Amino acid sequence: MDAVIVANALTKRYGRARGIDNVDLAVEKGDVFGFIGPNGAGKSTLIRTLLGLIRPSGGSAQVFGLDIVRHKKEILRRIGYMPSEASYYPRMRVKDVLRLSADLRRMDCEREAERLCDWFDLDMNRQVSALSFGNRKKVSIVAALQHNPTLLILDEPTSGLDPVVQKAFWDLVTQRNEQGATIFLSSHVLSEVQQHCRHAAIIREGRIVVSDAVESLARTNARRVTLRGVDELPQLPPGVLDMHHHRGEAGFLFTGDIKGLMSRLQDVPFTDITVTEPELEEIFFHFYEKAGERT
């Protein structure tokens, strides 16, 4: 596969403030790639740097094989970008915003804009100043997709959308991906990344902690252990994370030797035990814990 996005030691500093630091990343053509991290981790900074909207302090990156600094305009012409927050001229109607976006690209997107507005049940004649936050997000989605780009870069696209609209969004993204578009999106909603993305990277304090297939990330040696009917726990072996004990139920993420754990639990009275693979959310905190130990 060909890489659509490549970053090599990409860095952005704001004086002494942290932005992104030595980011290495590759997003292959046709992938659905999730970029995971809490607010302030560096997700938006990375996206804006890749788009050439802010100039990197170091390293390099290419989109479509083009340098993000020297070929910014050509890159922006070929992608669909949705910022995490979008502002509009308040007296414009939805159709005016979409027409302006199309005109800036020198494209006629009227038919596709109408189709997408129908998809999201968005009234094209409403003034944007009268729209709810969720409906303004819909305008941003339509503006990013109406010209049928081959690369979508979406920053927190589902934030503020109700569950019905989120489903409509993911159905549309899946459709576009099946038609050949590459999807690169940031999110702090780990469940949606696990459900919809094929690859993901986790960012912590401006640095990539891990980047791999979502399926591989979930195949860590960590296990979620739950004990029921237990009053107190003995001293457990190394590898216990995220421990909780409430009303006779104890649960924890375990990354150590599972045989050693079972040996320690032999003399512990409990009524039931389950050992399962953790969700991506738990893997996320596992990698954050490991990264914190290294810093």
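On the surface of this predicted model, a patch of positive charge is formed by Arg-55, Lys-72, Lys-73, Arg-77 and Arg-106. One of these residues, Arg-55, lies in the loop that runs between helix α1 (43-50) and strand β4 (58-63), and Arg-55 is classed as exposed because its relative accessible area, 59%, is over the 50% that the class requires.

A patch of negative charge is also found on the surface, where Asp-103, Asp-108, Glu-110, Glu-114, Asp-118, Asp-121 and Asp-123 gather. Helix α4 (residues 110-119) supplies the largest share of this negative patch, namely 3 residues. Asp-121, by contrast, is located in the loop between α4 and α5 (133-145), and with a relative accessibility of 68% Asp-121 counts as exposed. Phe-120 has its place in the loop between α4 and α5 as well, yet Phe-120 counts as buried, since its relative accessibility is 3% and the class takes in values under 20%.

Salt bridges were then examined, and a search of the whole structure finds 11 of them. In one of these, Lys-43 is paired with Glu-156, and the closest N and O atoms are 3.5 Å apart. This pair connects distant parts of the chain, for Lys-43 belongs to helix α1 whereas Glu-156 sits in the loop between β7 (151-155) and α6 (163-178), 113 residues apart. Both partners are buried, with a relative accessibility of 5% for Lys-43 and a relative accessible area of 8% for Glu-156.

A further salt bridge joins Arg-204 to Glu-205, with 3.7 Å between the closest N and O atoms; here Arg-204 is buried at a relative accessible area of 18%, while Glu-205, at 45%, is partly exposed. Elsewhere, Arg-93, Asp-96 and Arg-99 are joined into one network by salt bridges that share partners. Within this network, the bridge between Asp-96 and Arg-93 has its closest N and O atoms 3.2 Å apart, and the two residues fall into separate classes, Asp-96 being buried at 17% relative accessibility and Arg-93 partly exposed at 32%.

Finally, the cysteines were considered. A disulfide is a covalent bond between the sulfur atoms of two cysteines, and the structure holds 0 disulfides. Cys-117 takes part in none, because the nearest cysteine sulfur, that of Cys-109, is 12 Å away, whereas a disulfide requires two sulfur atoms within 2.5 Å. Cys-117 is buried, with a relative accessible area of 1%, and Cys-197 is likewise buried, with a relative accessible area of 6%.

Terms used
Residues are numbered from 1 along each chain as its sequence is written. This is a predicted model: local features need pLDDT of at least 70, side-chain atom pairs count only at pLDDT 80 or more; totals for chains, interfaces and linings use all residues. Side-chain values use heavy atoms; hydrogens and water are left out. Patches are made of residues with over 30% relative accessible area and no salt bridge: like charges are joined within 9 Å, nonpolar side chains (Val, Leu, Ile, Met, Phe, Trp, Tyr) within 5 Å. Accessible areas come from the Shrake-Rupley method with a 1.4 Å probe; for residues, only the protein chains shown count as cover. A salt bridge is a side-chain nitrogen of Lys or Arg within 4 Å of a carboxyl oxygen of Asp or Glu. Lys and Arg count as positive and Asp and Glu as negative; His and the chain ends are not counted. The place of a charge is taken as NZ of Lys, CZ of Arg, CG of Asp or CD of Glu. Helices (H or I, at least four residues) and strands (E, at least two) are DSSP runs, numbered from the N terminus. Buried means under 20% relative accessible area, exposed over 50%, partly exposed in between (1.4 Å probe, protein chains only).
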